[in-house]
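Dear colleague,

I am handing over the structure we spoke about, and it is placed directly below. After it come my notes on what was found, grouped by region so that you can follow them with the model open.

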Amino acid sequence: DARVEFVTPRGRGVPAAPGPSVTQSFDRQVSLEDLFRQVLETYRFETPWDDLDGDAGRIAARAAEACEPGCEVTGLELARPVFFRGKGAYLVGRLLTSREALPFVLALTNPEGRIVVDAVLATVNEVSIVFSFARSYFFVEMDNPREVVAFLHSILPRKPLAELYNAIGWNRHGKTELYRSILRHLATSEDRFEIAPGQRGMVMAVFALPGFDVVFKVIRDRFEPPKTVTHDEVRQKYRLVFRHDRAGRLVDAQEFEHLEFDCARFGDPLLAELTTQCADRVHVRGDRVVISHLYTERRMIPLDVYLRQAEPEAAREAVIDYGQVLRDLAATNIFPGDMLTKNFGVSRNGRLIFYDYDELCRLDECRFRALPPPRDDADETSGEPWFYVSERDIFPEEFRNFLGLPPALLQVFLEHHEELLGPAFWLRMQELHARGEVLDVYPYRSLRRLRWRPRATDRQPDPILSKEPKT
């Protein structure tokens with residue numbers, strides 16, 4: 001309601017500086033090991049540390065590695081509250097050195113009843129992924145979220161304020177900040193809304209502002225075959241994703257109602273599409289475009305577009321990560337449904353993320369089957385199945401037909417993820433979930449884990465994460 005909404009479209013949108021109540025500092029007056037021993041002793045839990053002295057030494061070694069040659073650690077500044085999510089907890093702050101301050105996160109786990117420092121993260125890229133828009137919100141006990149966001153913004157200046165509020169569980173504040181940023185962009189630019197690049201969606205009309213890192217999605221009035229989902233089911237899918245563990249692989253979506261924009265900010269093709277194919281939710285009133293309901297998501301490069309443009313090695317790594325997305329989602333009891341590459345995006349950090357939810361469902365709702373062999377030549381040449389297929393039936397052997405990968409990249413996928421094209425993997429994951437297993441999906445590479453030792457049989461997930469974003 002424009003009469004009561006609280007926005008500051010011309011403000012800078014930068015929060016106040018964090019106060020001393022939000023952080024605590026540790027000056028280095030002793031050895032590095034003693035510095036981190038002091039940190040761990042300060043952040044004691046009811047559950048004891050598994051190996052406080054050993055972890056202090058391992059952290060010290062990683063901290064020294066993070067510094068440039070000739071640079072030394074002078075101290076540490078950490079947020080007072082602990083950030084909890086899933087089976088992990090995180091101490092978040094920055095490492096102070098003689099040259100610069102580095103983002104610094106200690107990832108904690110409790111695998112066997114005693115707390116372990118599982119990983120040390122000391123690059124912008126690694127810490128940014130921990131706070132990714134594709135991960136579930138943290139649980140953080142705090143009295144002053146604005147100052148906490150200010151501190152996080154000082155560590156991750158490229159992160160939008162809206163995403164930082166979301167990350168600490170204040171998603172309504174995050175939604176307000178996002179709306180403010182949209183208004184600021186419109187007030188300070190001449191950008192017009194345009195149809196988003198990539199293949200046309202069958203369920204959603206998707207559009208964007210060229211200079212704004214967000215896409216807007218409106219549900220179409222009618223869905224073309226083979227889509228059978230209803231409008232209400234689409235909205236239920238988005239609610240499921242909002243409540244579910246996103247494992248760093250499902251994009252966060254903000255739901256808006258009753259938005260109005262100037263007609264002049266819409267390109268003619270887009271306005272024609274919205275008013276004819278989304279007329280239940282979009283209409284023109286005078287010189288205003290009124291949208292009764294839409295979703296916003298972070299803009300990414302669609303995987304099919306990315307693969308056509310990427311260098312061969314980058315395309316290869318993206319395809320490997322594509323298979324890892326399917327594994328990570330399965331580990332959190334999610335099946336994406338529509339596995340076409342156009343439904344996956346590549347983020348700024350090079351991670352693949354799924355963003356098309358109209359066919360998404362819980363893994364335990366599916367019935368994975370092997371394709372029955374044909375009974376005779378007529379079955380083999382038939383264009384119709386010769387066996388009964390229910391709505392819940394899924395035949396992983398058919399996934400190969402929907403990947404849409406060129407031969408060279410399909411071979412890469414098969415080298416790393418061929419088991420995904422058979423029912424055994426999916427049935428095994430269903431069995432684990434049925435037993436109540438909560439599987440580990442880490443927001444960092446296995447090589448960053450302090451006590452992890454690679455074996456010859458270990459696959460390396462997230463192969464792209466070793467690359468820092470270009471600036």
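With which residue does glutamate 163 form a salt bridge, and how far apart are the closest N and O atoms? The partner is arginine 298, and the closest N and O atoms of the two are 2.7 Å apart. Glutamate 163 belongs to helix α5 and arginine 298 to strand β13 (residues 288-298), so this salt bridge ties together parts of the chain that are 135 residues apart in sequence. Both glutamate 163 and arginine 298 are buried. Please keep in mind throughout that this is a predicted model.

Strand β13 leads on to strand β10 (residues 214-219), since 4 bridges join β10 to β13 and the two run antiparallel. Within that pairing, valine 214 has arginine 298 as its bridge partner, and arginine 298 is the residue that also forms the salt bridge with glutamate 163. Strand β10 is mostly covered, with 6 of its 6 residues buried. Val214, Phe216 and Val218 point one way from the strand, whereas Val215, Lys217 and Ile219 point the other way. This agrees with a general pattern: in a regular strand the side chains alternate between the two faces of the sheet. Strand β10 is also joined to β9 (residues 204-208), by 5 bridges and again in an antiparallel sense; a hairpin of 5 residues connects β9 to β10, and alanine 205 has valine 218 as its bridge partner.

Helix α4 (residues 145-155) is another element that is mostly covered, 8 of its 11 residues being buried. Among them are Val148, Val149, Phe151, Leu152 and Ile155. The buried residues of α4 pack against strands β1 (23-27), β2 (73-79), β3, β4 (88-97) and β5 (101-109), and against helix α5 (161-167), the helix in which glutamate 163 lies.

Turning to the remaining charged pairs, a search of the whole structure finds 37 salt bridges. One of them joins arginine 37 to aspartate 34, with the closest N and O atoms 2.3 Å apart; both residues lie in helix α1 (residues 32-42), 3 residues apart, which is about one turn of the helix. Aspartate 34, at 32% relative accessibility, counts as partly exposed. A further salt bridge is formed by arginine 99 and glutamate 68, where the closest N and O atoms are 3.1 Å apart. This pair links distant parts of the chain, because arginine 99 is in the loop between β4 and β5 while glutamate 68 is in the loop between α2 (52-66) and β2, 31 residues apart. Arginine 99 is exposed, with a relative accessible area of 52%, whereas glutamate 68 is partly exposed at 42%. There is also a network of salt bridges that links Asp50, Asp51, Asp55, Arg58, Arg114 and Arg451.The aromatic rings give a count of 28 aromatic pairs. In one of them, phenylalanine 83 and phenylalanine 131 meet edge-to-face, at 5.9 Å centre to centre and with 75° between the planes. Phenylalanine 83 lies in strand β3 (residues 83-85) and phenylalanine 131 in the loop between α3 (124-130) and β7 (139-140), so the pair ties together parts that are 48 residues apart in sequence. Both phenylalanine 83 and phenylalanine 131 are buried. Two arginines are placed over rings: arginine 85 lies over the face of phenylalanine 138, at 4.1 Å from the ring centre, and the charged end of arginine 327 sits over the ring of phenylalanine 425, 5.5 Å from its centre.

Ring pairs also link Tyr238, Tyr295, Tyr322, Phe344, Phe354, Tyr357 and Phe413 into a cluster, and two of these residues, phenylalanine 344 and phenylalanine 354, stand opposite each other, the latter in β17. They belong to an open sheet of 3 strands in the order β14-β16-β17, with antiparallel pairing. Strands β14 (301-302) and β17 (352-354) stand at the edges, each with a single partner strand, so one side of each is left without a neighbour in the sheet. Strand β16 (residues 344-346) is joined to β17 by 3 bridges. Helix α10 (residues 312-331) packs on this sheet, where it touches β16 and β17, and its direction makes about 45° with that of β17.

With best regards

How values were computed:
Residues numbered from 1 in each chain as written. Predicted model: local features only at pLDDT ≥ 70, side-chain atom pairs only at ≥ 80, totals over all residues. Heavy atoms only, no water. Phe/Tyr/Trp six-rings, centres within 6.5 Å; stacked < 30°, edge-to-face > 60°. Buried < 20%, exposed > 50% of the residue type's maximum accessible area, 1.4 Å probe, protein only. Lys NZ or Arg CZ within 6 Å of the ring centre and 35° of its normal. Contact = heavy atoms within 4.5 Å. Salt bridge = Lys/Arg side-chain N within 4 Å of Asp/Glu carboxyl O. Pairing = 2+ DSSP bridges. Axes fitted to C-alpha atoms, helices over the stretch in contact; angles between N-to-C directions.
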